[in-house]
Amino acid sequence: MSEILRRDPRKEWIARNRLHPQHLEVLAELGGGAASEWVGPNGLVRRNPHVVGFMGPNGLKRIDRSGVQQGAGGGGAAKAATQSKPLVEIESPAFLVAVVPDMAGGRLTGHDRDLLGLARQLADADPAAPGAVLAVIFGEHKEDGFAEAGIDRLLHLDGPDVEGFAPEARLGALVAAEEAWTPRHWLIPDSKLGGADLGRRLAARLGERPATGVWQIEASAEADLGWSCTARGAAGTLDIQRSLPRFALALAECAEPVSDTRHAASELTLPQALPAQLSRIEDLGQVAVDPAGVALSEAEFILSAGNGVRDWDGFHHAAEVLGATEGASRVAVDDGFMARNRQVGATGTWVTARVYVAVGISGAIQHLQGIQSCDKVVAINMDPGCDMIKRADLAVIGDSAKVLEALVALVEQAREEKRNAA
Amino acid sequence: MTVLVSVGRHPVTGRSRRADQDARGVELARTLPGAEIGLLHAGRLDEGNEAALRGYLGMGFDALTLIEQPESSDALPALAEALKAAPPQLVIAGERAEQGEGSGLLPYLLAERLGWPLVSGLAAVEEVSGGVATVLQALPRGQRRRLKVRLPAIVTVDAAAPAPRQSAFGPAQRGRLEVSEAPVAADVEMAEWQFKPARKRPKRLKIVKAASARDRFKAAAAKAEGGGGQVLTDVTAEQGAAAVYKLLKEEGVLR
Ligand SMILES: Cc1cc2nc3c(=O)[nH]c(=O)nc-3n(C[C@H](O)[C@H](O)[C@H](O)COP(=O)(O)OP(=O)(O)OC[C@H]3O[C@@H](n4cnc5c(N)ncnc54)[C@H](O)[C@@H]3O)c2cc1C
C-alpha cells in the first residue's frame, strides 16, 4: 500500500461540521476505528471518551477538537516507527574473534548473546583496527537475528555428521576453521548445552591452555593479548585473575549483549571440504524420560492447567500423550486438583520451559512472572481479552477440554501413521 | 576400570573431604557387575588429604593407588604414565575438581594424550561388552541421551549420576594407600595467577535504551505484552489443535 497520506478537504470540513447530514458517516470513514460519538437508542448522544485523542510526541494524550482525530489509531498518521539500527560493516578486519554458540533448540541462547557481546568488546576495542566476529554454528537452525546479535561473519556447517552429539566431527570442523583463519580469540560458552565440552576438546586438541569460567574481562597492558580476565575456579569458590589466553570459556552474563547495531552476518565457507572421520562415539539418540520426574524449574515443555480446566482426567491424559511436564496456576493448586510443587508463578516455581502451554489460565501478574523466561507461550482460553493471550505467541480461543482432546487425537494419529510407515 | 579420585573441599566448612563428583564416579563404577575397580589419585599425602582419600576406601575398597606429587604440580603426566603402564578399559573421572583451578580440563587432556575417546557428563553406564560401552549422558533439563563409545575410553560423571553411598569408617581405616613415585612437572603458568575467594557477581541491571522519556516510561511500566502473538478466534477445536500441534512440532518438543 502507498504510504502517502491523501487528504480530502471536503470530508475534513464535514467532519468538523457537526450539523452536516453526512457528519457521522464521514467521521466513521475518517476515524477508521471505533466511533467516539453516536446516537443511542433513545435519541441521546453517547460519547466514548477513551477513543478520543492520540498520544502526542511527548507522551501526553492530546485531543484534537477539530474532529479529524477519531478512534484510537488516530487519522492514519500513526505509523509504526520502525527504528532501524545502524548497520556496521567491517570489510577487511584486522583480526577475527571466533565464537561457537550453543544454539540450543536452533536459536541463540541468552548465554550465546552475552558471549557475542563479549566478542564485540574484544573486536571493537581499537577503532583504528577493528576485528570481526566470526560465529561457527552447526546443524539446522531457526534463528534469523544473527545480524542483530553482532555477528560479522557466519560459518554454517550443516550435514548429517555434525547433527546430534558429534563432538569429533565438530571438533574437526573447528580445527579446520582455526587453520583457515587463525582467529585471535576463541570464545565458547562454558555451558552444559555442549559448549563446555566442545571448548575443552578444542583447546586440548590444539594444545593451548584455555581460561574456563570467565566472567569478566578488562583491558590490560601487561597481558599478551592486551586483556586480563577473572574466572571462577575450584567449583565456583575462587576467583582467578589471569591474562586472557586465546581460548576462553565464558559464563553467562559475562558481557552485555549487542543491542544497538546491526552487523553483516555474511556467510563464509571453509576453503576445503571436511575430511570424513571415523567416529568412535555413536549417538543412539535421546531417551524418553518420564516427564513427571523432571523438576518443574528445568522442564523443557510444560502443559499448565488453571481454573479453566474442568476435565482433569483429560488434562492428565493430554500431558502424558504430549510428553509434557505438568504445571498449574495457584487456583488449580488451592482447589486441590494439582500438587503444590506444580504451581508456577511468583509463589511457586519460576520455570524456564522452551514451550509453555497454558490451558485455562487467565494470566494474573503473579503467574506471568513465573513464565518470564519461557520462549514460546501457547494459550488455550475462552476469554479473548485476558492477559495470558497478550503474552502468548499463539492463542486459541475455545473450550480447553475440546481443544486438548483434538490435540491428543492429532498426536496419536501422527504417531499411528509413523508406526504404520515404519 | 579405573576411577580417578581427587581431594574435595566442603563448600561451607572448607575442610577436605572426598569430592562429590568423584564419589559419584566410584558409585557409578560400583553399579557395574563384575568390574574390577582401581582407584587412582595423584597429589600430596598429608593428614587432611589422607582422611579425604580414606573416604573413598570406605566405599568398599582395600587399596588406593597414590602417586605422590608436590602441591601445585601438574598431575597430568603422572596420571597419563600410570594409565599407559596398565591401561584399563574405562577411566571414570569427575567433571571438575573442587580445589585449585578446577577447570575440568584434565579428562580432556588425558584423552588427547592417550588418544582415547571421551564422553562427558554421564548419568549411568548401562553395559560394557565386546569392547563397547553403552552409556547414558545427562543433558540439561533432565533429558538423557544414549551413546555407544569404543573402549578404552574416558568418561566424566554428571551430578545426575547416582548419589554416592556412605563411607564406612572401619574399612576406610583398614584400607591401604599404595604410594608410588612419578616424575614431577611443575605448573609454571598457574604460579602467575592471583587467587581470591569468589566475589559475588554483580546483578545484571535491566537497561532500557530508549530515545525519549516516553519510551523509557513505557518500558518501565509495561505489562507483559506478547508483541504480535497470533490469536485464533472463531476456530473449531480441531483447527486450534492443529495450530498448536504445528507449533509444538516446529519447536521439536514432541517425540
Ligand atoms: C500474593 C499472591 C501470590 C500469588 N502467586 C501466584 C503464583 O505463584 N502462581 C499463580 O498461578 N497464581 C498466583 N496468585 C494468584 C493469581 O493472582 C491468580 O488468582 C491466579 O493465577 C489465577 O489462576 P487462573 O488463571 O487459573 O484462574 P482464573 O483467573 O479464574 O482464570 C481462569 C481462566 O480460564 C478461562 N476458562 C474458563 N473456562 C474455560 C474453558 N472451559 N476453556 C478454556 N478456558 C476457560 C477463563 O476465561 C479464565 O481466563 C497469587 C496471588 C497473590 C495475591
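Let's fix one word before looking at anything: a residue is buried when its relative accessible area is under 20%, exposed when over 50%, and partly exposed in between, using a 1.4 Å probe and the protein chains only. Helices (H or I, at least four residues) and strands (E, at least two) are DSSP runs, numbered from the N terminus. This is a predicted model, where local features need pLDDT of at least 70 and side-chain atom pairs count only at pLDDT 80 or more, while totals for chains, interfaces and linings use all residues. Residues are numbered from 1 along each chain as its sequence is written, chains are lettered from A and ligands numbered from 1 in the order in which they are written, and side-chain values use heavy atoms, with hydrogens and water left out.

With that in hand, start at strand E6 (96-99) of chain A. A:Leu96 and A:Ala98 point one way from E6(A), A:Val97 and A:Val99 point the other way, and all are buried. That fits a general pattern: in a regular strand the side chains alternate between the two faces of the sheet. Strand E9 (185-189) of chain A can be read in a similar fashion. From E9(A), A:His185, A:Leu187 and A:Pro189 go one way, A:Trp186 and A:Ile188 go the other way, and all are buried. So E9(A) is mostly covered, with five of its five residues buried.

Now for the neighbours. Two strands pair if DSSP finds at least two bridges between them. E6(A) and E9(A) run parallel and are joined by three bridges, with A:Val99 standing opposite A:Leu187 in E9(A). E6(A) also pairs with E7(A) in the parallel sense, over four bridges, and there A:Val99 stands opposite A:Ala135. Move on from E9(A) and you reach E13(A), a parallel pairing over four bridges, where A:Leu249 is the bridge partner of A:Ile188.

Zoom out and these strands belong to an open sheet of ten strands with mixed pairing, in the order E15(A)-E8(A)-E7(A)-E6(A)-E9(A)-E13(A)-E10(A)-E11(A)-E12(A)-E12(B). Which strands stand at the edges? Strand E15 (266-268) of chain A and strand E12 (194-197) of chain B do, each with a single partner strand, so one side of each is left without a neighbour in the sheet. The twist averages 35° from one strand to the next; axes here are lines fitted to C-alpha atoms, for helices over the stretch in contact, and angles run from 0 to 180 degrees between N-to-C directions. At the E15(A) edge, strand E8 (residues 153-157) of chain A pairs with E15(A) in the parallel sense over three bridges, and A:Leu154 stands opposite A:Glu267.

Two helices pack on this sheet, where contact means heavy atoms within 4.5 Å. Helix H3 (residues 110-123) of chain A touches E6, E7, E9, E10, E11 and E13 of chain A, and its direction makes about 165° with that of E9(A). Helix H4 (residues 167-181) of chain A touches E6, E7, E8, E9, E13 and E15 of chain A, at about 155° to the direction of E7(A).

Next, the aromatics. Rings of Phe, Tyr and Trp (its six-membered ring) pair if their centres lie within 6.5 Å; planes under 30 degrees apart count as stacked, over 60 as edge-to-face and the rest as tilted. By this rule there are four aromatic pairs over all chains. One of them, A:Trp312 with A:Phe315, is edge-to-face, at 5.8 Å centre to centre and 75° between the planes. Both residues lie in helix H6 (residues 312-322) of chain A, three residues apart, about one turn of the helix. A:Trp312 counts as buried because its relative accessibility is 11%, and A:Phe315 is buried at 0%. The rings of A:Trp312 and A:Phe337 have centres 4.8 Å apart and planes at 10°, so this pair is stacked. A:Phe337 sits in the loop between helix H7 (330-334) and strand E19 (355-359) of chain A, so the pair ties together parts 25 residues apart in sequence. At 45% relative accessible area, A:Phe337 is partly exposed. Together, A:Trp312, A:Phe315 and A:Phe337 form one aromatic cluster.
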